[in-house]
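Please look through the structure shown below, beginning with its internal spaces and going on to its packing and its aromatic rings.

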Amino acid sequence: MAHPALADAFTANRDRARWHDRALWFVREKRDRMASGVPEWELLRETASAIKQHTQSLMADYLEQFEARAKELGAVVHWAVDAAEHNQIVLSILQSHGAKRLVKSKSMLTEECHLNPFLEQNGIEVIDTDLGERIVQLREEPPSHIVLPAIHIRKEEVGECFHEHLGTEQGASDPKYLTEAARNHLRQCFCRADAGLTGVNFAIAETGGIVICTNEGNADLGTGLPKIHIACMGMEKLIPRAADLSVFLRLLARSATGQPITTYSSHFHGPQPGGELHIVIVDNGRSEILKSEFRRSLDCIRCGACMNTCPVYRRSGGHSYESTVPGPIGSILTPLQTPEKHSSLPFACSLCGSCTDVCPVKIPLHHQLFAMREHLDGKRLIGTGKKLQMKLLSAVFSRTWLYRLAVRQALLYRR
């Protein structure tokens with residue numbers, strides 16, 4: 001179903017759409033306060049952008065360097081060309097150790113690859129341990145935001161969900177009580193897990209280490225208790241040097257949630273004593289994007305700032321995009337992978353440029369969204385009705401007298 005129809009379904013509940021908008025704008029305002037408190041903020045953004053573009057230009061070399069360093073530290077490095085191969089690699093690791101229970105921290109890559117249903121079909125119990133991810137998993141629905149996966153759900157609905165699945169008191173909606181119930185439930189899952197799986201926020205070519213940023217400590221528990229740690233990363237998560245990491249850590253949390261830094265920034269250099277670390281590096285179309293005019297979209301550090309500021313995303317909800325990564329950045333990445341299904345996404349944008357203004361790595365998002373429209377038109381995926389609308393708007397906007405007349409008519413219509 002196209003984005004406009006799904007957005008209509010979300011906005012039909014006006015109360016939900018209103019508080020969803022307010023909640024995300026609150027996060028955007030926190031981001032602004034944090035950014036204004038760092039005098040060198042724009043320099044950090046420029047530096048991060050330059051590091052990312054440099055890494056892209058030497059991606060193959062840095063990937064080889066990372067693999068060599070990671071192996072020296074005792075990690076096992078796997079390469080996956082697509083989602084199917086990634087899923088099979090993870091399954092084979094688990095099966096080779098007889099693992100039946102997997103605890104998983106937040107990973108947008110595994111969402112992209114649809115890992116959970118694949119493992120469950122093969123007899124593996126998968127528990128998402130991030131609180132928001134666990135809520136949407138129990139509700140059997142996908143995340144609606146890459147940082148705040150349950151932002152679309154009210155606390156009363158969380159209470160109903162926990163009453164059904166975790167046995168909490170009926171009608172309970174106190175966040176502290178519900179969080180405590182989730183913590184007790186997840187501790188049991190951690191203690192009986194056979195393996196832990198994480199995403200990767202940053203992979204450092206110079207050292208062969210990986211960095212995982214969380215606010216709940218679930219990645220640390222999920223990798224510290226089981227002996228098997230599987231880390232799944234898209235190839236774009238690479239940065240060249242350990243010295244580069246400080247730039248991104250200062251940008252990431254401030255852009256994502258308005259914090260100075262994530263509560264936990266966990267560094268992994270090889271497996272724990274007596275354990276195993278498997279790093280799965282995934283392409284899944286990234287090499288093709290790297291060769292295209294949309295290569296800057298691979299700079300994304302998954303902070304979600306573009307979603308928090310986007311007037312369309314805030315009012316239409318993440319599920320209306322039917323995409324692992326929704327919002328402005330998702331409206332570039334998703335049509336590159338599945339253009340026929342998601343050709344409407346680049347038009348879920350007012351081209352206001354707010355996403356570009358807040359992006360910590362300075363991706364020119366609204367320019368890329370505009371270019372994506374032309375790209376999809378070249379593939380003949382833009383409907384006649386949409387093209388006629390654009391021609392009509394072009395005629396209005398290019399003639400001052402016609403624009404003024406249209407504005408006057410619109411004001412009369414509103415009255």
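Which residues line the largest cavity? The lining consists of C300, I301, C303, G304, A305, C306, I329, C359, P360, V361, I363 and L365, a cavity being, on a 1 Å grid over the protein atoms alone, a set of points where a 1.4 Å probe fits but cannot get out, with lining residues having an atom within 4 Å of a point. The space in the largest cavity is about 90 Å³, where a volume is the space filled by probe spheres set on the points, which are joined across faces, edges and corners.

This is a predicted model, in which local features need pLDDT of at least 70 and side-chain atom pairs count only at pLDDT 80 or more, while totals for chains, interfaces and linings use all residues. Residues are numbered from 1 along each chain as its sequence is written, and side-chain values use heavy atoms, with hydrogens and water left out.

The largest pocket (an open set of grid points with protein on both sides within 12 Å along at least five of seven lines) holds about 1,200 Å³ of space. It is lined by 47 residues, of which K106, D130, V147, L148 and P149 are the closest to its centre. Helix α12 gives the most to this lining, with four residues; helices (H or I, at least four residues) and strands (E, at least two) are DSSP runs, numbered from the N terminus.

The largest nonpolar core (buried Ala, Val, Leu, Ile, Met, Phe, Trp, Tyr and Cys residues joined through side-chain atoms within 4.5 Å, buried meaning under 20% relative accessible area with a 1.4 Å probe, protein chains only) has 76 residues, and F66, F202, F248, I279 and I329 touch the most other members. The largest share of this core, seven residues, comes from α12. A second, separate core of 22 residues includes I89, L91, L102 and L119.

There are three aromatic pairs, counted where rings of Phe, Tyr and Trp (its six-membered ring) have centres within 6.5 Å, with planes under 30 degrees apart taken as stacked, over 60 as edge-to-face and the rest as tilted. In one of them, the rings of F202 and F248 have centres 5.6 Å apart and planes at 40°, so the pair is tilted. Because F202 lies in strand β5 (residues 202-204) and F248 in helix α12 (residues 242-257), this pair ties together parts that are 46 residues apart in sequence. Both F202 and F248 are buried.

Technical notes
Buried means under 20% relative accessible area, exposed over 50%, partly exposed in between (1.4 Å probe, protein chains only).
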